[in-house]
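This report follows the strands of a central sheet and the helices that accompany them. Please keep the sequence and the 3D view at hand while reading.

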Amino acid sequence: MSEEKTTALVTGANKGIGFEIAAGLGALGWRVGVGARDDTRREEAVAKLRAGGADAFGVPLDVTDDASVAAAAASLDRLDVLVNNAGITGGAPQEPTRISIDTMRKAVEVNVYGVVRVTNAMLPLLRRSAHPRIVTMSSSVGSLARQSAGTGAGPVAAGYSPTKTYLNAVTVQYVRELADTNIKINLACPGYVATDLNGFHGVRTPEQGAAIAIRLAQIPDDGPTGGYFEDAGSIPW
């Protein structure tokens, strides 16, 4: 992207899909910030990435905390690619007749407000990049088209799934506001990946789930923005 080494930040990168995204970007020769709130897990992830040859560094980051996010942004002197990966289900039960408001609130706080908080804090850095990219990890379960059709909609999840729909809608607003800039913003669905988010019941590996984000992080200047993608192509809204 430039003669200087491209720098990326991945939130929730200490494990699962986030770790594999960081590993994939590191394999490109990029500098990769491992954003995570747990000090021990973050540094273990950094050590593992470095052992694999990646130019990785730790970024203390709790996406639910204004001060933590501000400090993370202040610690960076360059940022070309932001991958908003951190997310939670909020807990169980998820059926709309049984779910608690607290469960819904927790999911929104991380999956939507956390993305807004981090994105806004990192935008000044991204604006200085020659080829800025934002990749936000969504899910096909956020597709109202698929939910209403009942195909590929996943389990009933009144907490988790609507946060992805909300996230998609907010991302569209970012695309509209930043339309006159060179910042490209896209949504990525990793598929049904076996992670602790779903009790490791998924059918895809974290490495497979990371592939779409790694691809979108590298899109050229004439590539898409405002898209909603999975490995097979565009996802209906």
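## The sheet and its helices

Strand β5 is mostly covered, since five of its five residues are buried. The model discussed here is a predicted one. Both faces of β5 are covered, with R133, V135 and M137 buried on one side and I134 and T136 buried on the other. In a regular strand the side chains alternate between the two faces of the sheet.

The wider setting of β5 is an open sheet of eight strands with mixed pairing, in the order β3-β2-β1-β4-β5-β6-β7-β8. The edge strands are β3 and β8 (233-234), each of which pairs on one side only. On one side, β5 runs parallel to β4 and is joined to that strand by four bridges, and within this pairing V83 has V135 of β5 as its bridge partner. The chain passes from β4 to β5 by way of helix α4 (residues 101-127), in a β-α-β crossover that is right-handed. Strand β5 also runs parallel to β6, to which five bridges join it, and here V135 stands opposite N186 of β6. Residue V135 thus takes part in both pairings, with V83 as a bridge partner and with N186 of β6 opposite.

Two helices can be placed against this part of the sheet. Helix α6 (residues 160-177) lies across β5 (133-137), β6 (184-188) and β7 (228-230), and runs at about 165° to β6. Helix α7 (residues 206-217) packs on the sheet as well, where it touches β4 (81-84), β5, β6 and β7, and its direction makes about 160° with that of β5.

At another part of the sheet, what can be said of strand β2 (residues 31-36), and why is it largely enclosed by the rest of the structure? Five of the six residues of β2 are buried, and therefore this strand is largely enclosed. Strand β2 pairs with β1 (residues 7-11) in the parallel sense over five bridges, and with β3 (residues 55-60), again in the parallel sense, over six bridges. Individual residue pairs from these two pairings are listed below.

| Residue | Counterpart | Strand of the counterpart |
|---|---|---|
| T11 | G35 (bridge partner) | β2 |
| V32 | A56 (opposite) | β3 |
| G33 | F57 (opposite) | β3 |

The connections between these strands also run through helices. Strand β1, helix α1 (residues 16-27) and β2 together make a right-handed β-α-β unit. From β2 the chain then crosses through helix α2 (residues 39-51) to β3, and this β-α-β crossover is likewise right-handed.

Two packed helices are described by the angle between their axes and the distance between the axes. For α1 and α2 the packing angle is about 35°, and their axes lie 10 Å apart. The crossing of these two helices, α1 and α2, is right-handed. Helix α1 contributes F19, A22 and A23 to the contact, while α2 contributes A45, K48 and L49. By character, the residues in the contact of α1 with α2 comprise five nonpolar, no polar and one charged.

Terms used: Residues numbered from 1 in each chain as written. Predicted model: local features only at pLDDT ≥ 70, side-chain atom pairs only at ≥ 80, totals over all residues. Heavy atoms only, no water. Buried < 20%, exposed > 50% of the residue type's maximum accessible area, 1.4 Å probe, protein only. Pairing = 2+ DSSP bridges. Right-handed = clockwise from strand over helix to strand, strands pointing away. Axes fitted to C-alpha atoms, helices over the stretch in contact; angles between N-to-C directions. Left-handed = near helix turned anticlockwise from the far one by under 90°. Contact = heavy atoms within 4.5 Å. Nonpolar A, V, L, I, M, F, W, Y, C, P; charged D, E, K, R; others polar.
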